[in-house]
Amino acid sequence: MSLLTKNTGTAAVRKTSARRRPRVDRLPYLLLLPCLVVIGVLLLWPLGQVVAMSFYKLDSVRQLRGDREWPWVGLGNYTQILGDPFFRTVLRNTVLFAAANVVLTMILGTLVGLLLNRLGRRMATFVASCVMLAWATPALTGTIVWKWIFDDTSGLVTWLFNKLPDGLSTTLFGRSDWTGYGWFNSPLLFFAILTLVVVWHSFPFIAVSVLAGLKSVPSELHEAARVDGAGPWKVFWKITFPLLRPVFGILIVLSTIWDFKVFTQQFVLAGGTQDRPTFMLSIYSYAEAFSPPPKYGVGSAIAVILTLILLLVTGLYVRMVLRQEEDA
């Protein structure tokens, strides 16, 4: 074979390979570009600024405006926070509160989702609409309503307890007059009320998501299980839960992220940042950054630690999902 023939054949093969190579459609990437720009401007840039501020000593607004220099402290803010015993208390409060809220929200939301799936179309629509009112209500508005409900003078709960017979109220609770009782003064009672507010606001999303997942489960599987004599509890754990495990996994991760970041409800119920025994990471970061004297660098370090915790939770979930796909 001559050299010319060989080169011609090689060129033909390359030309054929080029023709067979699939074309890359750039249109989806161009359509995503505006969204990526918005995310970068509204999320990544502020996050980068917070991370940068956590390595400096910032204690005045003039420094943020650029009128004064930023003294570099490196990991000094992180060392100060991690070495503070109060930080461990705040971290414990955050973890316990988030764990309790995730469990309660998932249980209540799942039960409501199962109920909606069993109701008729009209009744399910009515109940779902009523449930979604809690989800549609802004966190600030809903928290103000709940704070009025537990008001120590004119609140609904105070009124109901005052309506109890004096003997019964004294026997059960040790007091008969509840006017002026500080429902938010006890840390344990405060967290109980805060949990009630957060669960009330969060469970509708879980319920609707579970309902959407239930609609994708073939009804023949449930009917076959009932024919075999399985009860509702066994049907749920043997059929419904395994099929909806990815949905429950996503909901657990989202609930964990939301409950770790609770701020508005706690700030409104506590009336600011004075109640330090009930601090969690979000309000702790805010208090350190903006309470006089301001410590913006320390507050930024706390915010970065909170972000790393949430990224760790998300990473663990993604790893679990990938393992399940490999096993499948």
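A pocket is here an open set of grid points at which a 1.4 Å probe fits, with protein on both sides within 12 Å along at least five of seven lines. In this predicted model, about 440 Å³ of space lies in the second largest pocket. Of the 17 residues that line the second largest pocket, V50, S282, S285, G299 and A303 are the closest to its centre. The elements that give two or more residues to this lining are α2 (27–53), α15 (281–290) and α16, and the largest share, seven residues, comes from α16. By residue class, the lining of the second largest pocket divides into eleven nonpolar, five polar and one charged.

**The largest pocket**

The largest pocket has a volume of about 910 Å³. It is lined by 36 residues, of which T110, L114, F236, T240 and F248 are the closest to its centre. Two or more lining residues are given by each of α5 (85–118), α10 (187–215), α11 (219–227), α12 (232–243), α13 (245–260) and α16 (296–327). Among these contributors, α5 supplies the largest share of the lining, eight residues. The lining of the largest pocket is made up of 22 nonpolar, nine polar and five charged residues.

The two pockets are set side by side below.

| Pocket | Volume | Lining by class | Largest share of the lining |
|---|---|---|---|
| Largest pocket | about 910 Å³ | 22 nonpolar, nine polar, five charged | α5, eight residues |
| Second largest pocket | about 440 Å³ | eleven nonpolar, five polar, one charged | α16, seven residues |

**The nonpolar core and helix α15**

The largest nonpolar core has 22 residues, and those with the most contacts inside it are I81, F87, V90, F279, L281, Y284 and I302. At least two residues of this core are supplied by each of α4 (76–82), α5, α13, α15 and α16, with the largest share, eight residues, coming from α16. Helix α16 therefore supplies the largest share of this core as well as the largest share of the lining of the second largest pocket, if helices are taken as DSSP runs numbered from the N terminus.

How is α15 placed with respect to the rest of the structure, enclosed or open? Eight of the ten residues of α15 are buried, so this helix is largely enclosed by the rest of the structure. The buried residues in question are L281, S282, I283, Y284, S285, A287, E288 and A289. Two of them, L281 and Y284, are among the core residues with the most contacts, while S282 and S285 are among the lining residues closest to the centre of the second largest pocket.

**Aromatic pairs and charges over rings**

A search of the whole structure finds 31 aromatic pairs. In one of them, the rings of F97 and F191 have their centres 6.2 Å apart and their planes at 45 degrees, so the pair is tilted. Because F97 lies in helix α5 and F191 in helix α10, this pair ties together parts that are 94 residues apart in sequence. Both F97 and F191 are buried.

Another pair, F161 with F173, is edge-to-face, with 5.4 Å from centre to centre and 65 degrees between the planes. F161 belongs to helix α8 (residues 156–162) and F173 to helix α9 (residues 166–173), so the pair ties together parts that are twelve residues apart in sequence. F161 counts as partly exposed at 21% relative accessibility, where the upper limit for a buried residue is set at under 20%. F173 also counts as partly exposed, at 42% relative accessibility.

F97, F191, F161 and F173 belong to one aromatic cluster, which also includes W146, F150, W178, Y181, W183, F184, F190 and W200. R175 lies over the face of W178, at 5.3 Å from the ring centre. Elsewhere, the charged end of R276 sits over the ring of F86, 4.3 Å from its centre.

**Two partly exposed positions**

D177 has its place in the loop between α9 and α10 and is partly exposed, with a relative accessible area of 46%. The C-alpha atoms of D177 and A224, which are 47 residues apart along the chain, are separated by 57 Å. V318, by comparison, is found in helix α16 and is partly exposed with a relative accessible area of 41%. From C-alpha to C-alpha, V318 and I250 are 9.5 Å apart in space, and in sequence they are 68 residues apart.

Methods. Residues are numbered from 1 along each chain as its sequence is written. This is a predicted model: local features need pLDDT of at least 70, side-chain atom pairs count only at pLDDT 80 or more; totals for chains, interfaces and linings use all residues. Side-chain values use heavy atoms; hydrogens and water are left out. On a 1 Å grid over the protein atoms alone, a cavity is a set of points where a 1.4 Å probe fits but cannot get out, and a pocket is an open set with protein on both sides within 12 Å along at least five of seven lines; lining residues have an atom within 4 Å of a point. Grid points are joined across faces, edges and corners, and a volume is the space filled by probe spheres set on the points. Helices (H or I, at least four residues) and strands (E, at least two) are DSSP runs, numbered from the N terminus. Ala, Val, Leu, Ile, Met, Phe, Trp, Tyr, Cys and Pro count as nonpolar, Asp, Glu, Lys and Arg as charged, and the others, Gly among them, as polar. Rings of Phe, Tyr and Trp (its six-membered ring) pair if their centres lie within 6.5 Å; planes under 30 degrees apart count as stacked, over 60 as edge-to-face and the rest as tilted. Buried means under 20% relative accessible area, exposed over 50%, partly exposed in between (1.4 Å probe, protein chains only). A charge sits over a ring if NZ of Lys or CZ of Arg is within 6 Å of the ring centre and within 35 degrees of the ring normal. A nonpolar core is a set of buried Ala, Val, Leu, Ile, Met, Phe, Trp, Tyr and Cys residues joined through side-chain atoms within 4.5 Å.
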